[in-house]
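This report covers a protein model, its confidence, its sheet and its nonpolar cores. Please keep the coordinates at hand while reading.

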Amino acid sequence: VYWLILCILSAQMKRLKADENRYYGQVFGNLTFLTRFRENLKKVYLLTLIAFFVMYTFSSIYIGIAAAPSGEEQYPYDYVCTSVMGEEEFFTELGRENEGEMYDYPMVTTFTSKPNKVSVLETIKGILTLRYTAVSNGREVLPVLPVQIGIPESVYIELKEKKYGEKPEALGLTGEEIAVVYQEDTSVKAHILDWLRPEEGIHLQTLNPDLELNGFEAYQAKKVQKEERDILTGVCSNGMWQNLIVFSDEYFQELFQGERMYLLNTGEAYDKVGDLLTEKAVEEETISFYGRKSSIQDMETERYLKQVIWLFMTVMTGICGIYLIFIKFCFEMDEIVERYRFLDCMGMHENTLKKTLRREMLPFFALPFIAGGGSAVIFSALTFKVRMYTGEEIMKYLCYALPVWLLYWLIQAAVYQVLKRVLLGKIIKYVFRKG
C-alpha cells in the first residue's frame, strides 16, 4: 500500500510538471512535506494504520462484546440434547424426573463440506482473481468438520413462535431447497457452513447408512432460499456447531433417520438432570448435549478475557500513535526553528508563520483521520453486513463505538494543539524575539 501511494503521488507530480505555475505552486506550498517526502509518507502511513487499528481492528472486538446480548438471551433452554434413534425411553423417564418442561422435535444430523479440502494455492488464486466466493464472502472458515442440526419447516415455525410469541410467515420451501439459521451472537466472527459455497447453494449431507464424510462427492449442493441469524435453541461453540438447516416437511421425511432433539427447562432439577445426561453420554455415547449454566459461565469468562486483552491493545496502540507524533516533531524541532529563522530573514510576518506551521503539521493529523477513520467506517459497515446485524443492533454497536472513536480523535486534537503551541512558542522566542 505504501509503494502504491508513493507511485500515485509521484505520477501526480510528473503530471503537474506540464504546467509550471501549478507545479511550482504545489512544490512551494508543500515544501516542508516534500523535503523528506518518503520519510514523511512513511510516518503518515504508520499513523493511518494506527488509526485503523484503534478504530476498527482492536476496538471492534471490545465493542462487539460490549454490545452483544447477555448470556441469558442466548440460551433460551437449560439443556439442548440430540440423540439417535432408540433413546425415547430414556428421555421419557427423564421427563418424569424433570420438574420443568421438555420439548421433543425430529431432526437429522447434517454435515457440511470440509473447509480443509481447499488448498492454500486455490485460496490465493481465488483472492487474486477476485473470485469472492473463494474467500467465503468475509465469513470465517471452520478448521474442523462442522455438524449442524436439520429440522423441518414446521419445527422452525414452532421454535419461532415459542421465542417471539407469534407465528411467523412460512418459508415456502419446495423440493430440496433449504433455509439456514446461524445461531451466533453479534460479538463473534461470522462463520461459514460451506467454504466452497457455489452459486447454487451449500454442499451438505445428512446422517444415513451411506455416510461418507471424507469424500467430497457425497456432499450435495442444496439451494439456499433464505439465510438469517437468530438463536432459537442456543449457541453451541460460539456458533460453529448446531446451526439450523431447515428443510421442507416433505423432503425432511425422506431424510429422517429417527433422531430427536430435546429442549429442556428443568427449574430446580438442573443439576440432577445434568448428572443423568452426563452419565448417559459417557456410558453409551448415544446422546450429546450442552447446558445453559456452564455455557454462560464459559462465555462470560471468554468475553471478559477478550475485553481486557483487546482494550489493552487498543490503548497501547493509541499511545504508540501519540509517541510517534512526538518523536517526529520533537526530534526535528531544532531544524524547524532554523527553517523559520531563515523565513524570518526573508520577511515573513508572525501571522503568516502561524498559518505555515499549521499547514506543515496538519497532514500528520488530517490524513490519518481521513484515511484511517474512513477505512474503519467502511470495514465496520462490511462487518454489519457479514454478521447480518439488524438496525437495532447497528445502533447499539455505534452507541459503544462512537465514544471510543470520539475520545481517540479528541486526544489526537489535543496532542496537535499542544505540539503546535510548543513549536510556535520556541519559534517566536528564538526567531522573532531575538531578531
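The text below takes confidence first, then the sheet, then the cores.

**Basis and confidence**

This is a predicted model, in which local features need pLDDT of at least 70, side-chain atom pairs count only at pLDDT 80 or more, and totals for chains, interfaces and linings use all residues. Residues are numbered from 1 along each chain as its sequence is written, and side-chain values use heavy atoms, with hydrogens and water left out.

pLDDT is the predictor's confidence in each residue, from 0 to 100. The protein averages a pLDDT of 80, and 77% of the residues score at least 70. Confidence is highest in β9, at 94, and lowest in helix α8 (residues 120-128), at a mean of 49. Helices (H or I, at least four residues) and strands (E, at least two) are DSSP runs, numbered from the N terminus. Over residues 126-143 the pLDDT stays under 50, and the model has 36 contacts for them beyond four places in sequence; contact means heavy atoms within 4.5 Å. Where pLDDT is low, the predicted coordinates should not be read in detail.

**The sheet**

Seven strands form an open sheet in the order β7-β6-β3-β4-β9-β5-β8, with mixed pairing; two strands pair if DSSP finds at least two bridges between them. β7 and β8 (224-229) are the edge strands, each pairing on one side only. From one strand to the next the twist averages 35 degrees. Axes are lines fitted to C-alpha atoms, for helices over the stretch in contact, and angles run from 0 to 180 degrees between N-to-C directions.

Three of the pairings are set out here.

| Strands | Sense | Bridges | Opposed residues |
|---|---|---|---|
| β3 (residues 108-112) and β6 | antiparallel | three bridges | Thr 112 and Leu 204 |
| β6 and β7 (residues 220-222) | antiparallel | three bridges | Ile 202 and Lys 222 |
| β5 (residues 178-182) and β9 | antiparallel | four bridges | Ala 179 and Val 246 |

Strand β6 (residues 202-206) is mostly covered, with five of its five residues buried; buried means under 20% relative accessible area, exposed over 50%, and partly exposed in between (1.4 Å probe, protein chains only). Ile 202, Leu 204 and Thr 206 point one way from β6, while His 203 and Gln 205 point the other way. In a regular strand the side chains alternate between the two faces of the sheet.

Leu 244 sits in strand β9 (residues 244-247) and is buried, with a relative accessible area of 0%. Beyond four places in sequence, its contacts include Ile 149, Leu 159, Ala 179 and Leu 232. Leu 244 and Ala 179 are 65 residues apart in sequence and 8.2 Å apart in space, C-alpha to C-alpha. Helix α9 (residues 153-164) lies across β4 (147-152), β5, β8 and β9, and runs at about 95 degrees to β4.

**The nonpolar cores**

A nonpolar core is a set of buried Ala, Val, Leu, Ile, Met, Phe, Trp, Tyr and Cys residues joined through side-chain atoms within 4.5 Å. The largest has 36 residues, and Ile 325, Phe 329, Met 361, Phe 365, Leu 419 and Leu 423 have the most contacts inside it. Helices that each supply at least two residues of this core include α4 (37-57), α12 (292-331) and α16 (391-432). α16 gives the most, with 12 residues. Leaving aside neighbours within four places in sequence, Ile 325 is in contact with Leu 47, Phe 365, Gln 412, Val 415 and Leu 419. Apart from this core lies another, of 25 residues, among them Tyr 77, Val 235, Cys 236 and Ile 296.
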